[in-house]
Amino acid sequence: MAVPARTCGASRLGPAPGALPRPGPPRPLLLLLLLLLLLPPPPLLAARGAAAYSFPQQLTMQHWARRLEQEIDGVMRIFGGVQQLREIYKDNRNLFEVQENEPQKLVEKVAGDIESLLDRKVQALKKLADAAESFQKAHHWQDNIKEEDIVYYDAKADAELDDPESEDMERGSKTSTLRLDFIEDSNFKNKVNYSYTAVQIPTDIYKGSTVILNELNWTEALENVFIENRRQDPTLLWQVFGSATGVTRYYPATPWRAPKKIDLYDVRRRPWYIQGASSPKDMVIIVDVSGSVSGLTLKLMKTSVCEMLDTLSDDDYVNVASFNEKAQPVSCFTHLVQANVRNKKVFKEAVQGMVAKGTTGYKAGFEYAFDQLQNSNITRANCNKMIMMFTDGGEDRVQDVFEKYNWPNRTVRVFTFSVGQHNYDVTPLQWMACANKGYYFEIPSIGAIRINTQEYLDVLGRPMVLAGKEAKQVQWTNVYEDALGLGLVVTGTLPVFNLTQDGPGEKKNQLILGVMGIDVALNDIKRLTPNYTLGANGYVFAIDLNGYVLLHPNLKPQTTNFREPVTLDFLDAELEDENKEEIRRSMIDGNKGHKQIRTLVKSLDERYIDEVTRNYTWVPIRSTNYSLGLVLPPYSTFYLQANLSDQILQVKLPISKLKDFEFLLPSSFESEGHVFIAPREYCKDLNASDNNTEFLKNFIELMEKVTPDSKQCNNFLLHNLILDTGITQQLVERVWRDQDLNTYSLLAVFAATDGGITRVFPNKAAEDWTENPEPYNASFYRRSLDNHGYIFKPPHQDALLRPPLELENDTVGILVSTAVELSLGRRTLRPAVVGVKLDLEAWAEKFKVLASNRTHQDQPQKCGPSSHCEMDCEVNNEDLLCVLIDDGGFLVLSNQNHQWDQVGKFFSEVDANLMLALYNNSFYTRKESYDYQAACAPQPPGNLGAAPRGVFVPTIADFLNLAWWTSAAAWSLFQQLLYGLIYHSWFQADPAEAEGNPEARESSCVMKQTQYYFGSVNVSYNAIIDCGNCSRLFHAQRLSNTNLLFVVAEKPLCSQCEVGRLLQKETHSDGPEQCELVQRPRYRRGPHICFDYNATEDTSDCGRGASFPPSLGVLVSLQLLLLLGLPPRPQPQVRAHASPRL
C-alpha cells in the first residue's frame, strides 16, 4: 500500500509524534480525532482470488488482545497453582513462623559485628607496630654484616632454584635460605607454614647490601609476634611488614607467586603501603619539554611521570603540565583532579604525546604549578602540597617565584628530578629542592626510575614521624586484589616510626621505618551480613569516604590489576539517580538515615530494567571510614522461618528419616518432579559442587550422618529447605499430577522458593532446565518478585555467541512466572514463584488463532469475492506481521514461521524499522549505563618485529671511540639495552604480566550497556511508519497483567526506510568523557587526619648527586655478550643518589 509521505520516520495516527529525537507524552485525543478525519479510509489490499482485505481496525485488535490476556490468565490459574500454593502454606501454618526484618536494628547489629571484627585486627596491628619500633631501636647496626650471617626464608627462592639461569644461581648466593614444608590452608587459598615468616625483596634491590641485611636482621624478631597474634586470634590472615627499604616480611610463610616475566612487585608501591606511609597529597607534576631534552631523556621523563602517578591513591589530587617558554597542561584537565584509576589513565596517555621544542623556562613551569595549588575553588586533598619537576638541567633558580608564592612558610614542597645523562650543573636543582623542604633526585637511566619516583614518600613521612603517637592511627584501605591469591581484601595499616637517636640530646629521628598491615578478606566481612533472610532482592552494602563500595552484590570485578585498587563507586554499582546521590552523601558524612525511594534496577542477566520500590537504611561503622547500608523491598519486610522442632524431636536418627526429606531423593523424582536444591552452605562438611546432581548427592550422603541437633549445620537454612520440599510436593499432589500439560501445550510447570527449592514437573523436563538452581541467582525469580502479573522470559539469544534456535531438533520453551503473595494477618510476603514453560511452536500457532477472526476452533474465516474483510494474523500472515514483545524489547512470539528461530532476540535485529517506531512513539524508554568491571581480550601488540622505539643507536664511529665506551652515555645505553632484553622493551611492558599474574589473559575495560523498558504509553492506538512508498501502518497495545506488548503491523514492502537500528548489545567503550566528569566531581571526603607540617622538621637532608663510575671490565663483557647474541643476566642495581635513608 502507499501512503503519501515526505520523510522517512514514524508518523503518528495516535497520541505521540514519531521522529527522533524522542517526543514527549501523547497528544490530546482531539488531535487524534482530527488526524483520523483528515486521513483517507484504510486502504484495501488485494489478496488471494478476488477478495480484498483491510488493515484491522483498532477495536478488532483490542479484542484480540483481550483474548490473549484471557488465555494466558486461564493457563496460569489452572497450572500455575498460585491460589493453591497459598492454601498449602496456610494449611501448614504450624510448621513455620513469620519473622520481621527491622532495618534499623539489623543494620546496627551488622555494623557492630563488622566493627568488632576490625577492632580485633586493630589490636594485633598496634601490638606489631609497637614491637617493630622496639626491635629496631634495640638493634645495633652492623657495617660488616655478611649474607651468610642471615638465615631466613626467601619467598622467591624456590622459583629461583628451579631456574638455573637465575641471578642468585649465577652469582652463587651466599644467603642461608631456609627450605620449608607447606600445608594447604583453605583460609589463605594457599600453601602455608605457620612456624616461619617469609621475605620478599624486589628484583631491582640487591639482597646482599648492608642496608638490606641489617633490615633482615632486626625484622626477624617480628616472627614471634606474628605467631602470638595468630594464637590469640586464629582468624587473622596475612600479617605484613612493608619496610621503607623495600623488604616485605609476611606471616605465615608461603612461596611467592611466580611471575610470567620479571617480578616488579615492590611493597612501597602497593595501595595499602602508600595510604599508610603518608597523608593525602595535592601534587603538580611539571615536565621540561624544551629542545635540549633528547629522545631518550624525554622517554625517561615520560616513563618517570607514569611511575610517579602510580604512587598516588584515590585520596590524592594531581595535575600534569609540560613547559618550555610557557606552561600548559598535558591533558584536558585544567585543575587538580582526583588520582583515581581513570584520571591517571588519561594522564598516562597524554604524557606520551609530549614533544620537545623551545627553550627552558622554569619560571613558567613553577608559576603554573603554584597557581594550580592555590586554586581553592575545586575539590582537593588539602593536606601535603608538592611540585615535582622533571628536567634535564638548567641554570635558573627562579628565586623570585619562590619568594612570591612559597616563602617564608614553605607550605609547598619542591622535588626536582635530573633526568638522563648530561654534563649540566645540577646545583640549581639541588638548591630549589633544599630551599623548599623537598628533595633532589637523579634518574640517569631506566633502572633508577622506580626507586627514585617513590622515595619522596620518606620526606612526606617526616611530619607524621615527628607527630609521634598522634599519628599512630589505623587507616583502612580501599578494596584491592591480594598479591598472594587471597582475593579481594581490605587492609588495616599503621605506620612504624624510627625511634632511634644519634646520641643524647640529638634531634628525634624523622624517618618512617615502614607500614604494618593486616588483611581482612571481603568474604569474612560478608559472613557477618544476613544471608537469606533479606530475600532475593534485599542486600547489604558498605562504602568508604570516596563513595567506593566495600560490599555490594554488584561488586564483581572480572579481572583485577595488582597495581590498582578496585574502585567501584556506589553510583556505578547501581543505576544512578538523585535519591541515591543524597543517600551516598549522607553515608560519606557518617550520618544515620532511612529513605524509601522509587528507583530503577537492572536485572541479574542485565537484559531488563524494572522500576521498583526500595527501602534504604544506613549507619556508620564506628572506628572506621566505612558506612553500612541495608536495602529491602517492601515485600521482604517479613520472611518465613521453619519451625520443625516437633517433627525433628520425634526423629532420633539422621534428618533423612524425616518424611518430607524423602521427596529430595531422586527415587521420588519420577512421580513428584525433579528437585534442584540451591547450593548453599547448609552444613560445614557439605562438599560444594557446580553440578547440582552431584551437590544433591553430597547433601543426601551428609544428611544420612547428621543428627537433627547437629551444631555443624545452619538450622535456619536446613529447616527451611525441608519445609519447602514438603510444600512444593503438596503442590504436585493437589495441582500438577492430575493435569495434562499437553492439552495446553506446556513443556513443564515449576515452583521455586526462598528456601532454596526449585521443583520442575514432569521429571523429564529437568533435562532442558537451564535456570540457576539458586533461586536468588535466577533472573526469572527476582523479576517475578519485583513485578505484578505474569513475567515472560524468552530463551536468551546472543547473536555473537549462540547460533539460532534449532526448532527441528530441540523443543524450545518460553518461561512464564509469577510471584506467590502470601498474606498472614497484616503481614504480607512473597516466599515463592510459580510458573509454566510454554512450547514455542505450539503457542506460536495458538497465538495466530487467538489474533484472528475465528469465532470458534473451526476453520479460518474466509472472505467472499464480493466482500471486504479485515486482515488477521492467521489468514494474512504473508501481509500482516503480528508479534508479542516483552518489556525489554525481546521477541517472544510471532505469526511468521521464519521468525521462530529468532525468538529471544532484541526486536531491532528482527525488524529494525518497527522497533524504532515503537521507541519513537514512547512505548519504550532507553537506559544507558557503564560496566566498569568488565574484562576484554588483550589487544594485539603493535609494532611487531620492530626494535624498541626511542632507543639511541650508536654509530660505528662511536663503537671505535674508546672515550665513548667509558662515557656515561654508553653506560646508560647498556643499562637500557640490558633492561630491554629482560623486559622485552621495558617502556611498553605489560603491567599485568610484569606484576606476575600468570592468569592475565584479559584486561579490565569499560563496557557500555543499553537496556529498554516500557515507557509512559499505556494505551492502544494506531500509527504510521511514514516512509514514502514504503510506509507501514501498525498498532501496539500492552497486554494487561503481563510484561508483553502486542504489535500488529503491515509487512514492509521494501527496504528503503532503514533509517537507523537501535542497539541493545553490550559494546566496548571508553566510558563517559573524563574531561567533562571532572567538572562535576562526585562528593567525597578525605581522611580526617593530616600530617604535612612540623616545626621541628630537619630539612637539611635534601639530596645530592652521587654517580657511581661504571666498571670498564663489566662494560666490555656486556658488549661482548650482546655481540655474541648471549642473553646477559641483570647486574645488582645501584642507586644514582644518596637516599635520605642511606
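# A walk through cores, cysteines and a buried arginine

Cys-306 is buried, because its relative accessible area is 13%, below the 20% cut-off. This is a predicted model, and Cys-306 is a simple place to begin reading burial in it.

Next come the nonpolar cores. The largest of them has 98 residues. Within it, Leu-918, Tyr-924 and Phe-1046 have the most contacts. Helix H2, residues 58-80, supplies the largest share of this core, with eight residues. There is also a second, separate core. It has 51 residues, including Ala-129, Leu-236, Val-489 and Val-496.

Return to Phe-1046. Which residues does Phe-1046 touch, leaving aside those up to four places away in sequence? Among them are Met-61, Trp-64, Ala-65 and Leu-68. Phe-847 and Ala-851 also touch Phe-1046. So do Val-883 and Leu-884. His-1035, Ala-1036, Gln-1037 and Leu-1039 complete the list.

Now for the disulfides. How many disulfides does the count come to? The count comes to six. Three of them are followed here.

Start with Cys-383 and Cys-1090. A disulfide joins them, with 1.8 Å from S to S. The link is right-handed, with 100 degrees about the S-S bond. It connects distant parts of the chain, 707 residues apart. Cys-383 sits in the loop between helix H12 (362-374) and strand S16 (384-391). Cys-1090 sits in the loop between helix H32 (1074-1077) and helix H33 (1112-1124). Are these two cysteines buried or partly exposed? Cys-383 counts as buried because its relative accessibility is 1%. Cys-1090 is partly exposed, with a relative accessible area of 35%.

Move on to Cys-434 and Cys-1102. Their disulfide also spans 1.8 Å from S to S. The torsion about the S-S bond is about 90 degrees, so this disulfide is right-handed. Cys-434 belongs to helix H14, residues 427-434. Cys-1102 lies in the loop between H32 and H33. The pair therefore ties together parts that are 668 residues apart in sequence. Cys-434 is partly exposed, at 26% relative accessible area. Cys-1102 is buried, at 7%.

The last disulfide followed here joins Cys-936 and Cys-1005, whose sulfur atoms are 1.8 Å apart. With 75 degrees about the S-S bond, this link is right-handed. Cys-936 lies in strand S38 (residues 924-936), and Cys-1005 in strand S39 (residues 1003-1014). So the pair ties together parts that are 69 residues apart in sequence. Cys-936 is buried, with a relative accessible area of 14%. Cys-1005 is buried too, at 8%.

Finish at Arg-413. This residue lies in strand S17, residues 412-419. Why does Arg-413 count as buried? Its relative accessibility is 3%, and buried means under 20%. What lies 2.8 Å from a polar atom of the Arg-413 side chain? The backbone oxygen of Lys-437 does.

Arg-413 has further contacts, not counting residues up to four places away in sequence. It touches Lys-385, Met-386 and Ile-387. These three fall within strand S16 (384-391). Arg-413 also touches Asn-436 and Lys-437. Val-459, Leu-460 and Pro-463 are in contact with Arg-413 as well. Asp-1092 and Glu-1097 complete its contacts.

How values were computed. Residues are numbered from 1 along each chain as its sequence is written. This is a predicted model: local features need pLDDT of at least 70, side-chain atom pairs count only at pLDDT 80 or more; totals for chains, interfaces and linings use all residues. Side-chain values use heavy atoms; hydrogens and water are left out. Helices (H or I, at least four residues) and strands (E, at least two) are DSSP runs, numbered from the N terminus. Buried means under 20% relative accessible area, exposed over 50%, partly exposed in between (1.4 Å probe, protein chains only). A polar contact is a pair of N or O atoms within 3.5 Å; within protein, one must be able to donate a hydrogen and the other to accept it, and residues adjacent in sequence count only if both atoms are side-chain atoms. Contact means heavy atoms within 4.5 Å. A nonpolar core is a set of buried Ala, Val, Leu, Ile, Met, Phe, Trp, Tyr and Cys residues joined through side-chain atoms within 4.5 Å. A disulfide is a pair of cysteine sulfur atoms within 2.5 Å.
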